[in-house]
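Thanks for coming, everyone. I would like to take you through one model this morning, beginning with a pair of charged side chains and moving outward from there.

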Amino acid sequence: MDENKKNLAKCNFCNRHQGLVNKLIAGPHGVYICDNCVRVAHSIIYTEKQKKKEEGEEKHEKFLTPTELKQSLDQYIISQNDAKKKIAVAVYNHYKRINSRLQNDDVEILKSNILLIGPTGTGKTLMAQSLAKILSVPFAITDATTLTEAGYVGEDVENIILKLFQSANGDIEKTKKGIVYIDEIDKIGRKTDSPSITRDVSGEGVQQALLKIIEGTIANVPPQGGRKHPQQKYIPIDTNDILFIMGGTFNGLDDIIQERMGKSSVGFKYGAQDRSPEKKKEMMDHVIPQDLIKFGLIPELVGRIPIVSVLSELTNQDLVNILTKPKNAIIKQYQRLFEMEDVKLKFTKGALEAVAHKSTEREMGARGLRSIIEELMLDIMFHLPSQEKPDQIKVTKKMIENNVLEYDKLKKAVGV
């Protein structure tokens, strides 16, 4: 070997001498590292750092801010701005609470379960469903009136978590972060102010059974459901991070609030002759936990539902907007169905207003809109796929009012 090459300094990592590298960096005690080994070392460090960052992001997910949550809810739900703001804040705090627990924070943040109060068809169920869709978490819905205490004929309270588990496709970790909506919670109110001496199958007893699951417990979920398979192996699921949203109409709650506030409240008239939806909403906005307890909810349950939001009764204009504006608006759905048959479907402004008026008359709110549209479109939808089609179908106010949308008459009207 050439004596000059022998004397050249070498990289202590790859053993290449300085003639074979671009740069050789000297360290203490005669140690050297070449530029190539520096690049390799940097690449290893960067890769490890990225890996740790990704793992950290998986553990501590980025949550939508309240503003972002409300903007997302606006795409599905018309009106109810106050309720959407309150719910957006509650949900944001709920998932921050989960993150805080994952980081072993010393301060324990209590769960913000939500109670939605409002007339039928104001969007209580849709609010909960939309939240689950926006957050991409499992969702389950149940009716409180079908639930009973263990030992009675009916549906076990644990079956609520079973529905959520099924919605999560059997993923326990996803189940633990899901959302449960319990409808008609007002229908299981205690009938008197004093606790019942005898067991109450559909009221106070169910509230007591719900209490444990709502506040956070290990629920033993029967994978095959109910009481038909007593020998099945139960799946333990921690409900501590499951968000519970409850809803009900709470008819008569306004009277309880009025009685508490006093009939002669200064500047506020709420007599028998002045019970408009606006005045009722204004009265309901004054609800406090004591009013809910007097209505029939047990104090322990009320204490586990810190967020109470009152939804407004929908106006006719709200109903018209619901028909056309949301992402999955009913009219948009039908127009898409007709497009598949190469037919354009149009509703005049008067027709939309007539549909909204019909729903208001039936006191069904937004819930009645779909059934009204389905009734009206039945004959057309039946004949359209198999008969001669017009290029366009226009639905008018007169057609809605007369409840006449027969296919034969429409064909004559458009000259088919």
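Arg336 is partly exposed, with a relative accessible area of 45%, and Glu339 is likewise partly exposed, at 46%; by partly exposed I mean between the two cut-offs, buried being under 20% relative accessible area and exposed over 50%, with a 1.4 Å probe and protein chains only. Arg336 forms a salt bridge with Glu339, and their closest N and O atoms are 3.3 Å apart, where a salt bridge is a side-chain nitrogen of Lys or Arg within 4 Å of a carboxyl oxygen of Asp or Glu. Both residues sit in helix H14 (residues 330-339), three residues apart, which is about one turn of the helix; helices here are DSSP runs of H or I with at least four residues, strands are runs of E with at least two, and both are numbered from the N terminus.

Before going further, I should say that this is a predicted model, in which local features need pLDDT of at least 70 and side-chain atom pairs count only at pLDDT 80 or more, while totals for chains, interfaces and linings use all residues. Residues are numbered from 1 along each chain as its sequence is written, and side-chain values use heavy atoms, with hydrogens and water left out.

By the salt-bridge rule the count comes to 15. In one of them, Lys84 pairs with Asp74, with the closest N and O atoms 2.7 Å apart. Lys84 lies in helix H4 (residues 81-102) and Asp74 in helix H3 (residues 66-74), so this pair ties together parts that are 10 residues apart in sequence. Lys84 is buried, at 1% relative accessibility, whereas Asp74 is partly exposed, at 30%. Lys70 also belongs here, being linked with Asp74 and Lys84 in a network of salt bridges.

Another pair, Lys187 and Asp186, has its closest N and O atoms 3.2 Å apart; Lys187 is partly exposed, at 40%, while Asp186 counts as buried, at 8%.

Returning to H14, this helix also has a part in the second largest pocket, since H5 (124-135), H14 and helix H16 (367-383) each supply at least two residues of its lining. A pocket, on a 1 Å grid over the protein atoms alone, is an open set of points where a 1.4 Å probe fits, with protein on both sides within 12 Å along at least five of seven lines, and lining residues have an atom within 4 Å of a point. The space in this pocket is about 510 Å³, and of its 19 lining residues the closest to the centre are Leu126, Ile322, Ile330, Ala366 and Arg367. H5 gives the most to the lining, with three residues.

Now to a strand. In E10 (residues 344-347), Leu345 and Phe347 point to one face and are buried, while Lys344 and Lys346 point to the other and are not. Strand E11 (residues 392-395) runs parallel to E10 and is joined to it by four bridges, pairing being called when DSSP finds at least two bridges; Phe347 stands opposite Val395 in E11.

Finally, how confident is the predictor, on the pLDDT scale from 0 to 100 for each residue? The mean pLDDT of the protein is 81, and 80% of its residues reach 70 or more. Among the elements, helix H1 (residues 3-6) has the lowest mean, 50, and strand E3 (residues 114-117) the highest, 94. Where pLDDT is low, the predicted coordinates should not be read in detail.

Methods
Grid points are joined across faces, edges and corners, and a volume is the space filled by probe spheres set on the points.
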